[in-house]
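Reader: I am new to reading models like this one. Please take a close look at one part, and then show me how other parts of the chain are put together.

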Amino acid sequence: MKSQHHIKVSHLLDGIKTPAMIISPSAMIVERVNEATIAQFGEDISGRPLEAVPVNDSFILTAGSNGQRTHIDFKSGLVLINRKPYLLAIGRPIEKQQALRLQLQHLEKEKALQEMKASFISMTSHEFRTPLAAIASATDLLEARLQRDGLADQFYQHNISKISGEIFNLNTMLDEMLTLSKIVSNNYEVNRIPIDVRKVISFLRIRYFSERKDERTLDIKISGEPQKILADKDQLSKILINLIGNAFKYSTRHNPSIHLQYHKNKCVIKVSDYGIGIPDKDLPHLFNSFYRGSNVDSIEGTGLGLAIVKTFVEMNRGKITVKSVENKGTTFTLTFRYTDE
């Protein structure tokens, strides 16, 4: 190849980031290569005979550099340079393709395993609900009969209340497992609509956090001009139930509080308690599935709630942060925008 054509050919080759070469089709001599080819082979192989016989415009060369050997699969096609035919061959390391195929296979197996786990969790959770419903019904009947017969003394009331509490805890755990299985299997649809957060919180306080035995209640504070946020109502309810429930669970004396702050473009929701707090070493892992703080061994829980909360917050295009001081309390801050703009 004449020198005056080297610049033109160099521009052609330099635009290709993978190994590439120009080959004389008559003598099958490598006329010129790019930098990627030199890097793979560890030297410039221009001027050498092609060490392979192309079959259907394809050939494989073995390259070696720094003690490593790589097989490169070249695909060639005819190009005209100064009105003369040459072969332009572009290659890709076979190992990378094989590694990609293996990676895809592993991902497919992992996906199938996750789907199987989700299906098992869903089936098991549904199966547990039947005996739990029967136990709850029998407990209610027993309590009603004892009260009718005037036998519901402190001993019976205490133990029936304990049974009812454990049934509630088991149902909560099953709900979390079912929710997680839906998230893992991408079986959750987000229906974001304008929602009045005040009404949601008011309903949840009456439904789940009123008439407590410890006589504590949820303090609610509102500042700013109320506006509706865009969120999935069911998911927002689950987020708030979990955070408010934790605020009661991990504190014992003061009332937990929720503060709605309406700003110009967003609503900030702060859920605070004055309880045991979260150790600094636990904060980076707090939203991981099945992770529980190092100071909550004696308090029941699955370690799934906050992972679900974070997932639902992000599915609704919100943000969540946490600040905590051990033995003083914790505040979770949620931020949701009024529109998608």
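Author: A strand here is a DSSP run of at least two residues in the E state, a helix is a run of at least four in H or I, and both are numbered from the N terminus. The model is a predicted one. With that in hand, start at Ser58, which belongs to strand S3, residues 58-65.

Ser58 has a relative accessible area of 18%. The cut-off for buried is under 20%, so Ser58 counts as buried. What surrounds Ser58, apart from neighbours within four places in sequence? Its contacts are Val53, Phe74 and Lys75. With Lys75 there is also a polar contact, side chain to side chain, at 3.3 Å.

Phe74 and Lys75 have numbers that fall inside strand S4, residues 68-81, so S4 is the next stop. S4 pairs with S5 in the antiparallel sense, over ten bridges. One of the pairs along them is Ile81 with Lys84 in S5. The two strands make a hairpin with two residues between them, and in that turn Asn82 takes a positive phi of about 55 degrees. S5, residues 84-93, has another partner in strand S1, residues 20-24; these two are antiparallel and are joined by four bridges. There, Ile22 stands opposite Leu88 of S5. As a general point, side chains in a regular strand alternate between the two faces of the sheet.

Further along the chain there is a helix to consider. Ile167 lies in helix H4, residues 154-184. Its relative accessible area is 9%, so Ile167 is buried as well. Leaving out neighbours within four places, Ile167 touches Leu132, Ile135, Ala136 and Thr139. Ala136 is 31 residues away from Ile167 along the chain, yet their C-alpha atoms are separated by 6.9 Å.

Next comes another sheet. Five strands make up an open sheet of mixed pairing, in the order S7-S9-S10-S12-S11. Its edges are S7 (219-223) and S11 (319-325), each of which pairs on one side only. On average, and ignoring direction, neighbouring strands in this sheet are turned by 15 degrees against each other. S7 and S9, residues 257-262, run parallel and share five bridges. Asp219 faces Ser257 of S9 in this pairing. Helix H5, residues 197-208, lies across S7, S9 and S10, and runs at about 170 degrees to S9.

Last is a pair of helices, H6 (residues 233-249) and H7 (residues 305-315). Their axes are 9 Å apart and the packing angle is about 145 degrees. The crossing of H6 past H7 is left-handed. H6 brings Gln235, Lys238, Ile239, Asn242, Leu243 and Asn246 to this contact, and H7 brings Gly305, Leu306, Val309, Phe312, Val313 and Met315. Sorted by class, the contact has seven nonpolar, four polar and one charged residues. Which residues of H7 are buried? They are Gly305, Leu306, Ala307, Ile308, Val309, Phe312 and Val313. Among them, Leu306 and Val309 also appear in the contact with H6. Just after H7 comes Arg317, with a positive phi of about 60 degrees.

Key. Residues numbered from 1 in each chain as written. Predicted model: local features only at pLDDT ≥ 70, side-chain atom pairs only at ≥ 80, totals over all residues. Heavy atoms only, no water. Axes fitted to C-alpha atoms, helices over the stretch in contact; angles between N-to-C directions. Left-handed = near helix turned anticlockwise from the far one by under 90°. Contact = heavy atoms within 4.5 Å. Nonpolar A, V, L, I, M, F, W, Y, C, P; charged D, E, K, R; others polar. Buried < 20%, exposed > 50% of the residue type's maximum accessible area, 1.4 Å probe, protein only. Polar contact = N/O pair within 3.5 Å; in protein donor to acceptor, adjacent residues only side chain to side chain. Pairing = 2+ DSSP bridges.
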